[in-house]
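Dear colleague,

Please find below the structure that I am handing over to you. My findings follow directly after it.

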Amino acid sequence: MEGPLDPAVVAANVVKPVFENARVRVYEAHFAPGVTAPWHAHPDNIIHLLTDASFHITLPEGKEQDLALRAGDTKWMDGGQHEVLNTGKDEARMLVIELK
């Protein structure tokens, strides 16, 4: 998602674009323990976990959610804004495939 909440810009501490064409944009995300990807937005997307991960996600309007995911998990994620914190003790790595 391009614009002021583009993760490649505002969360460059975590995400690295690895592929893009007219239909998708793919990121590799690396979250060191305790690291936050600040507020950013995605269109509808798929995440694929490369490692086990524990995240605390802050959503608009103050909603919060904790996720515990396993390496190999693949999940559909509706588009929207969020902030993501790695609450685990290890680095969390995933692929994010954004649909255009």
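With which residue does Arg25 form a salt bridge, and how far apart are the closest N and O atoms? The partner is Asp6, and the closest N and O atoms of the two side chains are 2.8 Å apart. Arg25 belongs to strand β2 (residues 24-31), whereas Asp6 sits in the segment before α1 (7-10), so this salt bridge ties together parts of the chain that are 19 residues apart in sequence. Please bear in mind throughout that this is a predicted model.

**Overall architecture**

The protein chain contains 1 helix and 9 strands. Along the sequence they follow the pattern α-β-β-β-β-β-β-β-β-β. The radius of gyration is 12 Å, close to the 13 Å that the globule rule gives for 100 residues, so the chain is as compact as a globular protein of that length. Along the principal axes, the C-alpha atoms fill a box of roughly 35 × 30 × 25 Å.

Of the 100 residues in the protein chain, 34% are buried. The chain exposes about 5700 Å², and carbon and sulfur atoms supply 54% of that area. Contacts across long stretches of sequence are well represented: among those between residues at least 6 apart, 67% join residues at least 24 apart.

**Charges and salt bridges**

The protein chain carries 9 positive and 15 negative charges, and the mean positions of the two sets are 5 Å apart. Side chains of opposite charge can pair when their charged atoms come close. The structure holds 5 salt bridges, among them the Arg25 and Asp6 pair described above.

Arg25 also forms a salt bridge with Glu98, with the closest N and O atoms 3.4 Å apart. Here strand β2, which holds Arg25, is joined to strand β9, which holds Glu98, so the pair ties together parts that are 73 residues apart in sequence. Through shared partners, salt bridges join Asp6, Arg25 and Glu98 into one network.

Are the members of this network buried or exposed? Arg25 is buried, with a relative accessible area of 6%. Asp6 counts as buried at 8% relative accessibility, and Glu98 counts as buried at 2%.

A further salt bridge is formed by the side chains of Lys100 and Glu20, at 2.6 Å from N to O. This pair links distant parts of the chain, since Lys100 is in the segment after β9 (92-99) and Glu20 is in strand β1 (residues 15-20), 80 residues apart. Lys100 is exposed, with a relative accessible area of 57%, while Glu20 counts as partly exposed at 42% relative accessibility.

**Individual residues**

Three further residues may be of interest when you inspect the model.

Pro17 is found in strand β1. Its relative accessible area is 43%, so Pro17 is classed as partly exposed. Leaving aside residues up to four places away in sequence, Pro17 touches Ala8, Val26 and Tyr27. Pro17 and Pro38 are 21 residues apart along the chain, and their C-alpha atoms are separated by 16 Å.

Ala37 is found in strand β3 (residues 36-42). Ala37 is buried, with a relative accessible area of 1%. Which residues does Ala37 touch, not counting residues up to four places away in sequence? They are Ala11, Val14, Phe31, Glu83 and Val84. Ala37 and Ala22 are 15 residues apart in sequence, and the distance from C-alpha to C-alpha is 25 Å.

The last residue concerns backbone geometry. Most residues other than glycine have a negative phi. Glu61, although not a glycine, has a positive phi of about 65 degrees. Where is Glu61 found? Glu61 is in the loop between β5 (53-58) and β6 (64-69). At 77% relative accessibility, Glu61 counts as exposed.

**Summary**

In brief, the predicted model has 1 helix and 9 strands. Arg25 forms salt bridges with both Asp6 and Glu98, and Lys100 pairs with Glu20. Glu61 has a positive phi.

Yours sincerely

Terms used:
Residues are numbered from 1 along each chain as its sequence is written. This is a predicted model: local features need pLDDT of at least 70, side-chain atom pairs count only at pLDDT 80 or more; totals for chains, interfaces and linings use all residues. Side-chain values use heavy atoms; hydrogens and water are left out. Helices (H or I, at least four residues) and strands (E, at least two) are DSSP runs, numbered from the N terminus. The radius of gyration is taken over C-alpha atoms; the globule rule is 2.2 Å times the number of residues to the power 0.38. Buried means under 20% relative accessible area, exposed over 50%, partly exposed in between (1.4 Å probe, protein chains only). Contact means heavy atoms within 4.5 Å. Accessible areas come from the Shrake-Rupley method with a 1.4 Å probe; for residues, only the protein chains shown count as cover. Lys and Arg count as positive and Asp and Glu as negative; His and the chain ends are not counted. The place of a charge is taken as NZ of Lys, CZ of Arg, CG of Asp or CD of Glu. A salt bridge is a side-chain nitrogen of Lys or Arg within 4 Å of a carboxyl oxygen of Asp or Glu.
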